There are 2 protein chains.
Amino acid sequence: MNPADVLFFEDFAVGQSFELGTHAVTKDEIIDFAKKWDPQPFHLDDAAGEESPFGGLIASGWHTVSALMSLCAGLLNRSAGMGSPGVDEVRWWQPVRPGDALTGRTTVLEVKASQSKADRGTVLLLSELFNQDGKRVLSMKGAAFFARRR
Amino acid sequence: MNPADVLFFEDFAVGQSFELGTHAVTKDEIIDFAKKWDPQPFHLDDAAGEESPFGGLIASGWHTVSALMSLCAGLLNRSAGMGSPGVDEVRWWQPVRPGDALTGRTTVLEVKASQSKADRGTVLLLSELFNQDGKRVLSMKGAAFFARRR
């Protein structure tokens, strides 16, 4: 990548937002994720989903978060990202079902130069996923460290 | 399962904690998870990890959360769980590296009967993972709905 195209801490500004693209969720993907990481019956099996409060098979919330993360890869991999200390306010607003198409967006809420480490700053991002009906299915606020331009 | 063994909302009490078992993290698992869900260089490749601020290959934070979730399955699948509205204060305290053995514990912080839905209540849980050196690598506070005994 041309170094001039890399996003550093100084390139983020409050209010800026990035469209992240769309991830299509399949039934196989829902079941594969759940088998490995979140084997609750309503994530594994149509019949168990129908008997559950959700009325059908739904994706693990962590599968949905992972889908959002995968959509962030394009942005992160053209940034001077240095990891994240954590996230807050992870909210699952709607169930995610087989066939859903999830579109991501991330918005800059806050930028803060580090007081202790001169080489980096923290960017607070609100990241969201919307389904094909425009309903928000996931939101979370996550801090990420980015290197400063030298 | 014997219905008498199922954990309902009324079976959770503040201060109670549950040992969740141990998940061994392999290099293959780190790379497989990252390829699919979080393809940042320091999650994919030893050399890129060594050049990063982490000094080596580290697991995606979402891989670590998923490992915790997989350890919760035993507890959830003997409970009358009805999903979760969200989590807060997800914190990655230490990098997770190939060969780490992560042991989970969850502690009840709060129990609250639903005001609007008589069939359920909310349990607020602090869930944590510790590595083989006893260092905490992950913590998060998550609310979960559980059905009430009828």
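Trainee: Hi! I'm starting with A:Leu138. Leaving aside its neighbours within four places in sequence, which residues is A:Leu138 in contact with?
Mentor: Good place to start. Away from those sequence neighbours, A:Leu138 is in contact with A:Thr64, A:Val65, A:Leu68, A:Trp92, A:Trp93, A:Glu128 and A:Leu129. Do keep in mind that this is a predicted model.

Trainee: Noted. And which residues have the most contacts inside the largest nonpolar core?
Mentor: A:Leu138 is one of them, along with A:Val65, A:Leu68, B:Val65, B:Leu68 and B:Leu138. That core has 52 residues.

Trainee: Which elements supply at least two residues each?
Mentor: From chain A, they are helix H1 (27-37), helix H4 (61-76), strand S2 (86-92) and strand S5 (136-147). From chain B, they are helix H1 (27-37), helix H3 (61-76), strand S2 (86-92) and strand S5 (136-147).

Trainee: Let's look at H4(A), then. How many of its residues are buried?
Mentor: H4(A) is mostly covered, with 12 of its 16 residues buried. Among them are A:Trp62, A:His63, A:Val65, A:Leu68 and A:Cys72.

Trainee: What span should H4(A) have, and how far apart are its ends?
Mentor: At 1.5 Å a residue, its 16 residues should span 22 Å. The end C-alpha atoms are 22 Å apart, which agrees.

Trainee: Switching topic: how many residues does each chain put into the contact?
Mentor: Chain A gives 26 residues and chain B gives 26 residues. On the side of chain A that touches chain B, the elements giving two or more residues are H4 and S2 of chain A. H4(A) gives the most, with 8 residues.

Trainee: What kinds of residues are on that side of chain A?
Mentor: The side of chain A that touches chain B divides into 13 nonpolar, 9 polar and 4 charged residues.

Trainee: And S2, how does S2(A) run against S2(B)?
Mentor: The two strands run antiparallel, joined by 4 bridges. To pick out a pair, A:Val90 has B:Val87 as its bridge partner in S2(B).

Trainee: What turn lays chain A on chain B?
Mentor: A turn of 180° with a shift of 0.0 Å along the axis does it, and the RMSD is 0.0 Å. That is the relation of a two-fold axis.

Trainee: Which residue of chain A comes closest to the rotation axis?
Mentor: That would be A:Asp88, with its C-alpha at 2.3 Å.

Trainee: Last one: why do we say the copies meet through the same surface?
Mentor: Because 100% of the interface residues of chain A are also interface residues in chain B.

Note on methods
Residues numbered from 1 in each chain as written. Chains lettered and ligands numbered in written order. Predicted model: local features only at pLDDT ≥ 70, side-chain atom pairs only at ≥ 80, totals over all residues. Core = buried A, V, L, I, M, F, W, Y, C linked by C-beta atoms within 7 Å. Buried ≥ 20, exposed ≤ 12 C-beta atoms within 10 Å, placed from the backbone. Contact = placed C-beta atoms within 7 Å. Nonpolar A, V, L, I, M, F, W, Y, C, P; charged D, E, K, R; others polar. Pairing = 2+ DSSP bridges. Least-squares fit on C-alpha atoms with pLDDT ≥ 70 in both. Expected span 1.5 Å × (residues − 1).
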